[in-house]
Amino acid sequence: MEIICIDKRTFDELVVRLNMIEKKVTGICSPAKDAGLKKWMDNQEVCGVLRVSKRTLQVYREKGLMPFTRIKNKFFYKPEDVQSMLESNYHPQKRKP
């Protein structure tokens with residue numbers, strides 16, 4: 001076994017470069033199957049989160065209350081839009097004096 005001594009600054013630069021290489025390799029090797037589609041929610045997921053029926057969700061779409069994307073007969077929603085709807089309809093409980 002051979003021991004090699006290097007100064008701390010050189011070692012730190014080497015660690016930084018290895019971390020950059022690791023990030024690049026991870027990015028290249030990570031599966032790109034879904035192309036970010038995991039971020040979208042379907043009807044069933046949104047109904048579960050909002051605790052509403054499919055018909056109620058349809059009414060929200062028709063009234064323009066819930067933004068959506070439609071591909072053939074399937075609807076998709078952004079989680080941010082679902083969260084926004086929840087927050088916009090939040091009514092804090094008023095305390096009685």
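## Getting oriented

Helices, like strands, are DSSP runs numbered from the N terminus, a helix having at least four residues and a strand at least two. With that in hand, we can place Ser 53: this residue is found in the loop between H2 and helix H3, which spans 54–62. Please keep in mind that this is a predicted model.

Now for the overall layout. The protein has 4 helices and 3 strands, and from the N terminus on, its elements run α-β-α-α-β-β-α. Of its 97 residues, 13% count as buried. The accessible surface comes to about 9,100 Å², and carbon and sulfur atoms account for 57% of that surface. Among contacts between residues at least 6 apart in sequence, 46% join residues at least 24 apart.

## A closer look at Ser 53

Is Ser 53 buried, exposed or partly exposed? Ser 53 counts as partly exposed because its relative accessibility is 38%, and partly exposed residues lie between the 20% and 50% limits. Along the chain, Ser 53 and Asn 43 are 10 residues apart, and their C-alpha atoms are separated by 9.5 Å.

## The nonpolar core

Which residues make up the largest nonpolar core? There are 10 of them: Met 41, Val 46, Cys 47, Leu 50, Leu 57, Met 66, Phe 75, Tyr 77, Val 82 and Met 85. At least two residues of this core come from each of helix H2 (43–50), strand S3 (74–77) and helix H4 (79–88). H2 gives the largest share, with 3 residues.

One core member to find in the structure is Phe 75. Leaving aside residues up to four places away in sequence, Phe 75 touches Met 41, Asp 42, Asn 43, Arg 61, Phe 68, Thr 69 and Arg 70.

## Two cysteines to compare

Cys 47, another member of the core, is buried, with a relative accessible area of 9%. Cys 5, by contrast, is exposed, and its relative accessible area is 72%. How many disulfides does the structure hold? The number is 0.

## Salt bridges

A search of the whole structure turns up 2 salt bridges. In one of them, Lys 8 pairs with Asp 12, and the closest N and O atoms are 3.1 Å apart. Both residues lie in helix H1 (residues 8–29), with their positions 4 residues apart in the count, about one turn of the helix. Lys 8 is exposed, with a relative accessible area of 61%, whereas Asp 12 is partly exposed at 34%.

In the other salt bridge, the side chains of Lys 74 and Asp 42 meet at 3.7 Å, N to O. Lys 74 lies in strand S3 and Asp 42 in strand S1 (residues 41–42), so this pair ties together parts that are 32 residues apart in sequence. Lys 74 is partly exposed, with a relative accessible area of 41%. Asp 42 also appears among the residues that Phe 75 touches.

## A nonpolar patch on the surface

Where can you look for nonpolar residues on the surface? A patch of about 740 Å² is made by Ile 4, Ile 6, Phe 11, Leu 14, Val 15, Leu 18, Ile 21 and Val 25. Leu 14 is a handy one to pick out, and its place is in helix H1. Leu 14 counts as partly exposed because its relative accessibility is 43%.

Terms used
Residues numbered from 1 in each chain as written. Predicted model: local features only at pLDDT ≥ 70, side-chain atom pairs only at ≥ 80, totals over all residues. Heavy atoms only, no water. Disulfide = S-S within 2.5 Å. Buried < 20%, exposed > 50% of the residue type's maximum accessible area, 1.4 Å probe, protein only. Core = buried A, V, L, I, M, F, W, Y, C linked by side-chain atoms within 4.5 Å. Contact = heavy atoms within 4.5 Å. Salt bridge = Lys/Arg side-chain N within 4 Å of Asp/Glu carboxyl O. Areas by Shrake-Rupley, 256 points an atom, 1.4 Å probe, with all protein chains shown as cover. Patch = residues over 30% accessible without salt bridge, like charges linked within 9 Å, V, L, I, M, F, W, Y side chains within 5 Å.
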